[in-house]
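Me: I am new to this structure and would like a close look at a single part. Please start there and work outward in one connected answer.

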Amino acid sequence: MNKQHKWIYISLITALILTGCKSGQPKETATQPIAEPTIESETKITTVPALTDYVSAEYMTLADSWNSCDDTALAAVMRKASRGEKVTIACIGGSITQGTISSGSADSQPDLKKCYTDIFFEWWSDTFPDAEFTFINAGIGATDSYLGVHRVQKDVLDYKPDLVLVEYSVNDGNSIIDKRNYDNLVRRILLSENNPAVMLLFMGQTNGDTAQDIHSLIGFNYKLPMISYINVINAMMNDNLYTANQLSGDVTHPSALGHAITGELLWKYLNAVYIEKDNLGDPQPFNQTPVTNEVYINSEILDSLSLTPTSLGSFAESRKFDAFPNDWTCEDGEGSLVFTVNCSRLGLLYYCTTDGKSGQFEVYIDDKYAATVNADFSDGWGNYAAAKEIYSSEDAAEHTVEIKKAADSTGDSFTLLGILTSH
């Protein structure tokens with residue numbers, strides 16, 4: 001089969017894990033596969049060397065420090081690719097996944113200036129040149145796993161992926177709610193029709209902030225492959241190998257060096273599993289009990305293409321944000337946007353802007369005040385889509401929702417990007 005790679009980027013903001021451990025068995029060592037390009041066994045297995053050499057065997061053990069992982073699903077994807085079949089690989093996360101690279105003080109050092117997703121995808125295309133790949137980048141900046149679980153069906157699962165990499169450890173917090181949101185997202189992927197393999201990537205800020213603790217709990221319970229970038233850069237900074245300013249120009253987003261390190265971690269983990277891919281058995285159906293309540297397994301985003309308001313007031317259909325283009329916007333704050341929806345939980349997806357024109361709008365559920373959402377992000381770093389849950393119940397029912405400008409609003413403009421519902 002001729003080499004063919006189809007690149008799909010659902011970049012919705014501008015235009016909008018070193019041995020493969022068998023299920024139930026701990027890793028024997030963490031340093032064997034690192035110096036890989038050729039491994040001798042009964043047959044000669046050759047792997048493609050990593051594009052960079054920033055990560056030592058010692059640091060690699062920090063990136064892959066969980067003993068519960070089951071690599072059989074990941075190995076099955078590799079065996080499929082080795083047969084030259086069609087393989088779909090997706091990444092979902094925030095701006096780091098989307099491809100944001102900050103300006104670090106060591107930007108001139110790495111010859112490789114690519115975001116980690118491109119390096120991750122390149123491992124697959126370089127390792128399996130005869131396979132036909134579809135690569136999906138479903139990263140959207142400033143979004144968390146709460147929004148992720150509502151959009152994952154349309155942005156990822158509808159493509160029937162064989163493998164999904166999840167990255168939300170910078171954008172999520174460490175609350176019980178964040179753990180529930182992330183758990184629901186991961187479970188929704190694992191339980192989806194195509195039964196994809198799942199990898200978890202734990203990023204973190206150079207100041208140490210990360211949701212790795214709660215995210216790794218989910219991965220540990222489901223025996224998923226997990227890679228920790230934050231463990232590695234913390235050690236690198238403690239060892240005075242690199243400074244925070246070299247690894248990130250803004251604390252949050254990796255620099256070119258940070259992305260190269262992330263890509264190398266993933267590359268070496270994949271190589272380690274590749275060496276063992278034919279020794280790992282077939283994956284078992286996912287049947288793990290949930291860590292938290294399954295409240296978003298059936299959730300979606302309703303927009304102007306899928307929902308018709310009963311009253312528009314001064315709202316009109318528009319396209320303010322390419323990531324979620326089918327919105328309703330009002331410019332003068334007059335009248336109310338009213339719609340009826342059947343759900344157990346309801347949230348709003350709205351556009352926060354830096355221009356000083358957006359205001360504070362009240363939300364009423366069945367004629368009762370529920371919340372006020374603030375779309376004013378004056379002097380902020382940029383416009384973004386905010387998601388907030390407004391109503392929750394154990395039972396689904398029909399509800400009337402009204403959105404109108406607060407009496408003391410500082411602005412008249414408001415854009416509703418979508419309604420987040422679950423059943």
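Me: Take Trp 66: is it buried or exposed, and what lies around that part of the chain?

Reply: Trp 66 counts as buried, because its relative accessibility is 14% and the cut-off for buried is under 20%. This is a predicted model, so each value here is computed from predicted coordinates. Trp 66 sits in a loop, with helix H1 (57–63) on one side in sequence and helix H2 (72–82) on the other. It also has a partner far along the chain. Met 226 is 160 residues away in sequence, yet the two C-alpha atoms are 7.4 Å apart.

Follow the chain out of that loop into H2. Several of the residues of H2 are buried: Thr 72, Leu 74, Ala 75, Val 77, Met 78, Arg 79 and Ala 81. Arg 79 is on that list, and Arg is counted as charged. The cover over these buried residues comes from several elements. Among them are strands S4 and S5, helix H4 (116–127) and helix H10. Strand S6 (163–167) and S7 also take part. Just past H2 comes Gly 84, with a positive phi near 80°.

H2 also belongs to the wall of the largest pocket. That pocket holds about 600 Å³ of space. H2 and strand S7 (197–202) are the elements that give two or more residues to its lining. H2 gives the largest share, five residues. The lining has 27 residues in total. Nearest the pocket centre are Thr 72, Ala 73, Pro 283, Gln 284 and Phe 286. Thr 72 is therefore both a buried residue of H2 and one of those nearest the centre of the pocket. By type, the lining divides into 16 nonpolar, seven polar and four charged residues.

Now turn to S5, one of the elements that cover H2. Eight of the eight residues of S5 are buried. In a regular strand, side chains alternate between the two faces of the sheet. In S5, both faces are covered. One side carries Glu 132, Thr 134, Ile 136 and Ala 138. The other carries Phe 133, Phe 135, Asn 137 and Gly 139. S5 pairs with strand S4 (residues 86–93): eight bridges join the two, and they run parallel. One of the partners is easy to find: Gly 93 bridges to Gly 139 in S5.

Beyond S5 the chain enters a loop. Ala 142 lies there, between strand S5 (132–139) and helix H5 (145–155). Its backbone is worth a look. Most residues other than glycine have a negative phi. Ala 142 has a positive one, near 65°. Ala 142 counts as partly exposed, because its relative accessibility is 28%. Further on, Asp 158 is in the loop between H5 and S6. Asp 158 is partly exposed too, at 47% relative accessible area. Its C-alpha atom is 9.5 Å from that of Asn 194, which is 36 residues away along the chain.

H10 is another element covering H2. Thr 262 lies in H10 (residues 256–276). Thr 262 counts as buried, because its relative accessibility is 1%. Leaving aside residues up to four places away in sequence, it touches Tyr 116, Leu 201, Met 203 and Tyr 229.

Tyr 229 leads on to helix H8 (residues 229–238). Seven of the ten residues of H8 are buried, so this helix is largely enclosed by the rest of the structure. The buried ones are Tyr 229, Ile 230, Val 232, Ile 233, Ala 235, Met 236 and Met 237. Their cover includes H1, S7 and H10. It also includes helix H7 (212–222), strand S8 (226–228) and helix H9 (244–247). This brings us back to the start: H1 flanks the loop of Trp 66, and H1 helps to cover H8.

Two further spots round off the tour. Asp 366 is in the loop between strand S13 (360–365) and strand S14 (368–374). Its phi is positive, near 55°, and the residue is partly exposed at 33% relative accessibility. Then there are two cysteines to check. Cys 343 is buried at 0% relative accessible area. Cys 352 counts as buried at 2%. The structure holds zero disulfides.

Methods: Residues numbered from 1 in each chain as written. Predicted model: local features only at pLDDT ≥ 70, side-chain atom pairs only at ≥ 80, totals over all residues. Heavy atoms only, no water. Helix = DSSP H or I, 4+ residues; strand = E, 2+ residues; numbered from the N terminus. Buried < 20%, exposed > 50% of the residue type's maximum accessible area, 1.4 Å probe, protein only. Contact = heavy atoms within 4.5 Å. Disulfide = S-S within 2.5 Å. Pairing = 2+ DSSP bridges. 1 Å grid on protein atoms, 1.4 Å probe; cavity = no way out; pocket = protein on both sides within 12 Å on 5 of 7 lines; lining within 4 Å. Points joined across faces, edges and corners; volume = space filled by probe spheres on them.
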